[in-house]
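I am opening a notebook page for this structure. The entries follow the order in which I looked things up.

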Amino acid sequence: MSRFARYPSLVDRTVLVTGGATGIGGTLVREFAEQGAKVGFIDIALAPGLALARELEGSRHAPLFVEADLTDIAALEQAIAAVRERFGPVTVLLNNAANDQRHKIEDTTPDYWDKAVAVNLKHQFFAARNVAVDMKQEGGGSIVNFGSISWKLKQGGMPAYTTSKAAVQGLTRSLARDFGPFNIRVNTLVPGWVMTEKQLRLWVTDEGRAEIARGQCLQQALMPRHIAHMALFLAADDSAMCTAQDFVVDGGWT
Ligand SMILES: NC(=O)c1ccc[n+]([C@@H]2O[C@H](COP(=O)([O-])OP(=O)(O)OC[C@H]3O[C@@H](n4cnc5c(N)ncnc54)[C@H](O)[C@@H]3O)[C@@H](O)[C@H]2O)c1
C-alpha cells in the first residue's frame with residue numbers, strides 16, 4: 001500500500017490536466033486517476049497521450065485523452081467541452097502545459113515571442129475562464145497554475161518562457177480575487193528543476209547537476225511525483241482556504 005495520502009474528496013471529481021501526455025503532466029494524470037478522479041487530459045502529443053490513456057484504462061475512471069493544440073483557443077475550448085461531455089462539470093483545472101524552449105535574444109522575432117507566450121501563459125487564462133463557468137455552477141473549484149523558479153533564479157536563455165512564468169503568478173493572484181466569491185480557489189504551483197525524461201534528455205548536464213546540488217537544500221532529485229503530491233493537496237478539500245498563493249516545491253532552492 002502507498003505511504004502517501006489519499007484524498008476522499010478527489011474520488012469521482014472531474015479533473016482537467018493540460019499537457020498531460022508526458023512529463024509532470026503524465027504523472028499528474030496517473031496520480032489523479034489513482035485517487036479515483038475522473039481525469040481528462042489535453043495534449044498535442046498524440047502517441048504518448050493515447051499510450052497513457054491505454055495504460056490507465058483499468059482505473060476507477062478510465063482517463064480521457066483529447067488531442068489539441070492549446071495555443072489555438074477555439075481548439076482548447078472544444079477539447080474542454082469534450083471532457084465535460086464525458087465526465088460532467090470540471091471542478092479541478094491543472095494548467096500544466098508549457099514549453100521551455102531556449103532562444104537567443106537577437107534572434108527573437110515578434111512572432112516567436114507571441115507563440116512562446118501562447119504556449120506558456122495565454123491558454124492558462126482561457127482554460128480558467130472556461131472551467132470557471134462549471135465551478136460556479138458546482139459551488140466551487142480549484143485551479144492550479146504551473147509556474148517556475150527559473151525567473152526567480154534569474155535564469156537566462158529563454159526570456160519569453162521566464163517572462164510568461166513570472167506572469168503566471170500575477171494571473172493567479174488576480175483570478176483568485178475575481179473567482180473568490182464563487183468559492184473558486186486559484187494557486188500557483190512552482191516547481192524547481194524536475195527530472196523529467198525531457199529535462200534529462202535535453203538540459204541536465206554534469207554542470208546542471210552541480211548547480212542543483214549547490215542550489216537545493218535537499219540533496220535528492222526532484223521528481224514529477226513530488227510536484228503531483230502538492231497538486232493533489234491543492235485540488236483536494238484539504239486545502240479549502242488556500243488561494244492566491246505560491247506553493248514552491250524546489251528542494252529549498254529559492
Ligand atoms: N520540468 C521542470 O524542471 C519544470 C521546472 C519548473 C516549472 N515546470 C513547469 O511544470 C509544467 C510541466 O513541465 P514539464 O517539464 O513536464 O513540461 P514538458 O515540456 O515536458 O511537457 C509539457 C506537456 O505539454 C504538452 N504541450 C506542449 N505544447 C503544447 C500545445 N501547444 N498544445 C497542447 N499540449 C502541449 C507537451 O506535449 C507535454 O506533454 C510546465 O508548466 C513547466 O513550465 C517544469
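Which side chains of strand 7 point to one face and are buried, and which point to the other and are not? I looked along residues 246-249 and found that the side chains alternate. Phe 247 and Val 249 are on the buried face, while Asp 246 and Val 248 point the other way and are not buried. I note here that the model is predicted.

**Entry: the partner of strand 7**

I then looked up what strand 7 pairs with. Strand 6, residues 184-191, runs parallel to strand 7, and 4 bridges join the two. One residue pair I wrote down is Thr 188, whose bridge partner in strand 7 is Asp 246. That is the Asp 246 whose side chain is on the face of strand 7 that is not buried.

**Entry: strands 4 and 5**

I went on to strand 5, residues 141-146. Because 6 of its 6 residues are buried, strand 5 is largely enclosed by the rest of the structure. I checked the two faces separately. Gly 141, Ile 143 and Asn 145 are buried on one side, and Ser 142, Val 144 and Phe 146 are buried on the other. Strand 5 pairs with strand 4, residues 92-95, in the parallel sense over 4 bridges. Across this pairing, Val 92 stands opposite Ser 142.

**Entry: helix 7**

Which residues of helix 7 are buried? For residues 206-215 I listed Gly 208, Ile 212 and Gly 215. They cover an arc of only 75° around the axis, so they are on the same side of helix 7. Asp 206, Glu 207 and Arg 214 are exposed on the other side of the helix.

**Entry: the ligand**

I looked up the surroundings of the ligand next. There are 27 residues around the ligand, of which Asp 43, Asn 96, Tyr 161, Lys 165 and Val 194 come nearest. By class I have 13 nonpolar, 10 polar and 4 charged residues in this shell. Helix 1 (23-34), helix 5 (159-179) and helix 6 (197-202) each supply at least two of the shell residues.

For polar atoms I recorded three distances. A backbone N or O atom of Ile 24 is 2.8 Å from a ligand oxygen atom. For Ile 44, a backbone N or O atom is 3.3 Å from a ligand nitrogen atom. Asp 69 has a polar side-chain atom 2.8 Å from a nitrogen atom of the ligand. On its own the ligand has 820 Å² of accessible area, and the protein covers 92% of this.

**Entry: positive phi**

I picked out two residues that are not glycines but have a positive phi. Asn 183 has a phi of about 60° and is found in the loop between helix 5 and strand 6. Ala 244 has a phi of about 65° and is placed in the loop between helix 8 (224-235) and strand 7. Are these residues buried or partly exposed? Asn 183 counts as partly exposed because its relative accessibility is 47%. Ala 244, with a relative accessible area of 15%, is buried.

**Entry: Gly 192**

The last residue I looked up was Gly 192, in the loop between strand 6 and helix 6. At 14% relative accessibility, I count Gly 192 as buried. The C-alpha atom of Gly 192 is 9.0 Å from that of Ile 227, and these two residues are 35 residues apart along the chain.

Key. Residues numbered from 1 in each chain as written. Predicted model: local features only at pLDDT ≥ 70, side-chain atom pairs only at ≥ 80, totals over all residues. Heavy atoms only, no water. Buried < 20%, exposed > 50% of the residue type's maximum accessible area, 1.4 Å probe, protein only. Pairing = 2+ DSSP bridges. Arc of directions from axis to C-beta. Near = heavy atom within 4 Å. Polar contact = N/O pair within 3.5 Å; in protein donor to acceptor, adjacent residues only side chain to side chain. Areas by Shrake-Rupley, 256 points an atom, 1.4 Å probe, with all protein chains shown as cover. Nonpolar A, V, L, I, M, F, W, Y, C, P; charged D, E, K, R; others polar.
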